[in-house]
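I opened this notebook page to record where nonpolar residues sit in the model. The entries follow in the order of looking.

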Amino acid sequence: MQPARAVTLPKSYAALIADWPVVVLGMCTVLIVVCALVGILVPDLPDFSDPLLGFEPRGTAIGQRLVTWNNMVKNTGYKATLANYPFKYADEQAKSHRDGRRSDDHYEREKREADWNFQKDSFFCEIPSDRYSRVVFTSASGDDLWNLPAIKSMCSVENMQIRSHAQFGDLCQRATAASCCPSWTLGNYIAILNNRSSCQKIVERDVSHTLKLLRTCAKYYYNGTLGPDCWDTAARRKDQLKCTNVPRKCTKYNAVYQILHYIMKLPSLELAEFQVFRSSHPFERYDAEFKKLFMFERVHHGEELHMPITIIWGVSPEDNGDPLNPKSKGKLKLDSTFNIASPDSQLWILKFCQKLRNQTFYYQTEEQDFTSCFIETFKQWMENQDCDEPALYPCCSHLSFPYKQEVFELCIKRAIMELERSTGYHLDSKTPGPRFDINDTIRAVVLEFQSTYLFTLAYEKMHKFYQEVDTWISEELVSAPEGLSSGWFILIEKGKLFFL
């Protein structure tokens, strides 16, 4: 018998294939099959392209509030789960208004020469320029012309002395053969910005609203970011590619630019900084645009450093997403027990706001506050409504607070529409106030106040702030009616580092 051949390890890859071809083939086959199964059966591998993704608390009480707030912001808007504007009611009112206008007597509308269709973006036939005739108004007494009697007086002078002239019709600009185009006057701009049918129909509130709008938008005009074509007339909205840093309200119809550029002489307009150089000079651009981007400047001026106190009702603070997947944040869960419209809830939340303003951690701002506690603004709005105007009923001063639920649900919609129109406030997904569903039912409420605590990276100070405010709110909620018993407090924006 021959002795068994000793098994020796191959000395090279070629030797391995020559001596063990079946084994090599089998191992390669198994490896290919395993790799194929892994690619098919195993879900997507973790994505580490963003190193900060997932760098957040998940599963803790404070973490669930943060996730819920972010979900609430993402799901607030037109035709979203929630909205801070009664879009359905607004659409119904606009349709009713259009139908009512169609039923007006045709002759009566034709004989009012100064009434045009202010609902059209193209109300003015063209933009003003130096090739058109100009009329300059000054006050005989040297007083400011920015007041309702003076503006209406200018409108009357234009209609009686200019537009009624025998040769005006032969010389005026026309879009159609039927009538002359409206003039670029201050009164007409105020009318179009406030949805009035003519210069003569504007009221004191429209004048003050437009002045506030001009003061807000003047800085964008002077630093060159508000241009002549920020409004897309064809799309009926702000141009998405131009004037990206300018608020929408400053671009509507390009009216603000045209008023500041062509119509008015801006000494009555106040700027945040006195200008020494031209507005495009780097020194002036720094003051107008860039200064607020740097923390040391904001600290110096005391701007935007007070920690906000944000309280939410109507949404359950629940993180129902996958805690192991930083991209999975779950869905918004509404609180079925929430009810702000009942008289008890109205009264309680008003007293809650009043108590909070008396706490040592509350910071009183100098600016007029319309949005922090919506119930205060709403109550004041109702008390200022004149019951002599039948169209306002039942939303007027003859009713006492708290209001019946059906009155509250109707009038809060009117109040928000008026607030957005008359004050120039831009309502976005983070603006405090009521949140409506697609049927205009109030499903949530957000209150927000400024605190005396300043933002800091020191954990101990932030912890003291959070504990003091959260404890006080929790104690107050014990006495809340059932519809408001599930409110909760959150630190937003600057509080993210504290959550960690």
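**Nonpolar surface and cores**

I looked first at the surface and found that V30, V33, V34, L37, V38, I40, L41 and V42 form a nonpolar patch with about 730 Å² of accessible area together. Such a patch takes residues with over 30% relative accessible area and no salt bridge, nonpolar side chains being joined within 5 Å; a salt bridge is a Lys or Arg side-chain nitrogen within 4 Å of an Asp or Glu carboxyl oxygen. Areas are from the Shrake-Rupley method with a 1.4 Å probe.

I note that the model is predicted: local features need pLDDT of at least 70 and side-chain atom pairs 80 or more, while totals for chains, interfaces and linings use all residues. Residues are numbered from 1 along each chain, and side-chain values use heavy atoms, without hydrogens and water.

I placed I40 in helix 2 (residues 21–41); helices are DSSP runs of H or I, at least four residues, and strands are runs of E, at least two. I40 counts as exposed because its relative accessibility is 65% (exposed is over 50%, buried under 20%).

I checked the UniProt record, an unreviewed entry, which lists residues 20–42 as "transmembrane region". In the model this span is 91% helix and 0% strand, with its end C-alpha atoms 32 Å apart.

I then turned to the interior. The largest nonpolar core has 51 residues, and W313, I349, I375, F378 and L447 have the most contacts inside it; a core joins buried nonpolar residues through side-chain atoms within 4.5 Å. Helix 17 gives the most to this core, with 7 residues.

Methods
Patch = residues over 30% accessible without salt bridge, like charges linked within 9 Å, V, L, I, M, F, W, Y side chains within 5 Å. Buried < 20%, exposed > 50% of the residue type's maximum accessible area, 1.4 Å probe, protein only. UniProt positions renumbered as here; feature names shortened; annotations may be inferred.
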